[in-house]
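Hi,

Here is the structure I said I would pass on. Have a look at it first, and then read on for what turned up.

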Amino acid sequence: MTAPVYERVALIGLGLIASSMFWAMKRRGLAGEVTGFARSRATRETARRIGLCDRVCESARDAVEGADLVVLCVPVGAMGAVAREIAPHLKSGTTVSDVGSVKRSVISAVAPHLPGGVHFVPAHPLAGTEHSGPESGFAELYDNRWCIIVPADDATDPEAVARLRDLWEGMGANVDQMDADHHDLVLAVTSHAPHLIAYTMVGVADDLRRVTDSEVIKYSAAGFRDFTRIAASDPTMWRDVFLTNKDATLEVLGRFTEELFALQRAIRTGDGDHLFDYFTRTRTIRRGIIEAGQDTDAPDFGRGAPKS
Ligand SMILES: NC(=O)C1=CN([C@@H]2O[C@H](COP(=O)(O)OP(=O)(O)OC[C@H]3O[C@@H](n4cnc5c(N)ncnc54)[C@H](O)[C@@H]3O)[C@@H](O)[C@H]2O)C=CC1
Ligand SMILES: O=C(O)C(=O)Cc1ccc(O)cc1
């Protein structure tokens with residue numbers, strides 16, 4: 001057990017990410033009391049039944065009252081509305097953070113609502129699964145994964161940043177810091193575009209089912225199974241990710257399409273050298289990741305550098 005990093009933490013939105021935070025905080029005694037709120041009554045009832053949060057409140061206002069840290073764990077498109085609702089009830093000196101997969105749009109949507117005296121320290125744990133809801137969380141989700149802290153501006157109180165860093169490290173994560181635009185571009189390459197490609201591939205296979213009958217499922221190889229896992233991710237969350245990280249995702253998809261066309265052309269023209277060289281280059285990238293110790297064949301990404 002460690003000393004609590006925060007006496008009072010409020011989690012708004014009680015799905016995979018918030019529930020994993022709760023169990024991870026409890027595992028190491030990182031928070032005195034954790035309150036929670038979710039919009040749906042059914043989610044609040046489930047949370048109470050499984051002991052998720054020390055106190056599940058009937059309003060966001062009650063949950064944040066007196067909190068030292070408030071973490072917004074709702075879909076990216078809902079962050080602004082939640083910030084507006086809680087803003088008048090935050091005490092001075094509170095830190096507001098979030099866990100959204102996109103940072104620039106969350107900063108733009110949340111920051112204008114927060115009163116002076118409240119520290120805004122956005123963050124993004126690079127850890128998740130295709131499951132959602134209060135029952136999908138587990139204490140180990142963040143172990144040895146990256147969490148990226150993205151201070152809203154240069155004037156952010158360094159002590160507030162350091163404290164949030166302590167919390168994420170206590171929950172098992174390795175913490176890095178980045179600016180919002182860089183974060184959104186990196187994530188468009190490593191997470192957002194790959195998710196869209198998985199959604200597309202599963203959609204294509206489903207279209208072809210008319211031709212292949214149930215063989216798509218029967219003979220699906222490991223690669224395709226990974227696609228189906230990713231394509232089972234929450235539709236609301238991913239709709240919001242693409243709508244709010246529009247520019248970076250479109251930039252990456254533009255480059256992806258160009259490369260795909262070049263590979264398509266190589267196949268059509270029988271240009272084996274092009275295919276061989278391309279696959280040799282990509283194999284080197286994969287080997288580099290393994291040598292850096294950033295992959296252990298885990299199904300999800302975001303494994304942080306091993307703790308020394
Ligand atoms: N699922 C993943 O793998 C990861 C998700 N994230 C980010 O974390 C955030 C939460 O994602 P998950 O926990 O996976 O979602 P989830 O779907 O499991 O949970 C979301 C929760 O927010 C609640 N909610 C939705 N709108 C609300 C509102 N307006 N007011 C109050 N509660 C509301 C829902 O009822 C639900 O309890 C998202 O912003 C997502 O981008 C970040 C890293 C990984
Ligand atoms: O399950 C997977 O493969 C993921 O990619 C998890 C994930 C999804 C969204 C994020 O913003 C961060 C991590």
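A quick definition before the ligand site: Ala, Val, Leu, Ile, Met, Phe, Trp, Tyr, Cys and Pro count as nonpolar, Asp, Glu, Lys and Arg as charged, and the others, Gly among them, as polar. With that split, the shell around ligand 1 has 17 nonpolar residues, ten polar and two charged. Keep in mind that this is a predicted model.

So who is in that shell? Ligand 1 is surrounded by 29 residues, and the closest are Gly13, Gly15, Ser101, Gly128 and Ser132. Three helices supply at least two residues each: H1 (16–28), H4 (79–86) and H10 (235–244). H1 gives the largest share, with three residues.

Why does ligand 1 lie between domain 1 (6–178) and domain 2 (182–269)? Because both domains give residues to the shell around it.

The other thing to look at is a sheet. It is open, has three strands in the order S7-S8-S9, and its pairing is mixed. S7 (123–125) and S9 (174–177) are the edge strands, each pairing on one side only. On average, neighbouring strands in this sheet are turned by 20° against each other, ignoring direction.

S7 and S8 (residues 146–149) run antiparallel and are joined by three bridges. If you want a spot to zoom in on, His124 stands opposite Ile148 in S8. Finally, helix H6 (residues 158–170) lies across S7, S8 and S9, and runs at about 165° to S8.

Cheers

Key: Residues are numbered from 1 along each chain as its sequence is written. Chains are lettered from A and ligands numbered from 1 in the order in which they are written. This is a predicted model: local features need pLDDT of at least 70, side-chain atom pairs count only at pLDDT 80 or more; totals for chains, interfaces and linings use all residues. A residue is near a molecule or strand if its C-beta atom, placed from the backbone, lies within 6 Å of it. Helices (H or I, at least four residues) and strands (E, at least two) are DSSP runs, numbered from the N terminus. Domain bounds come from an automatic or database domain assignment. Two strands pair if DSSP finds at least two bridges between them. Axes are lines fitted to C-alpha atoms, for helices over the stretch in contact, and angles run from 0 to 180 degrees between N-to-C directions. Two residues are in contact if their C-beta atoms, placed from the backbone, lie within 7 Å.
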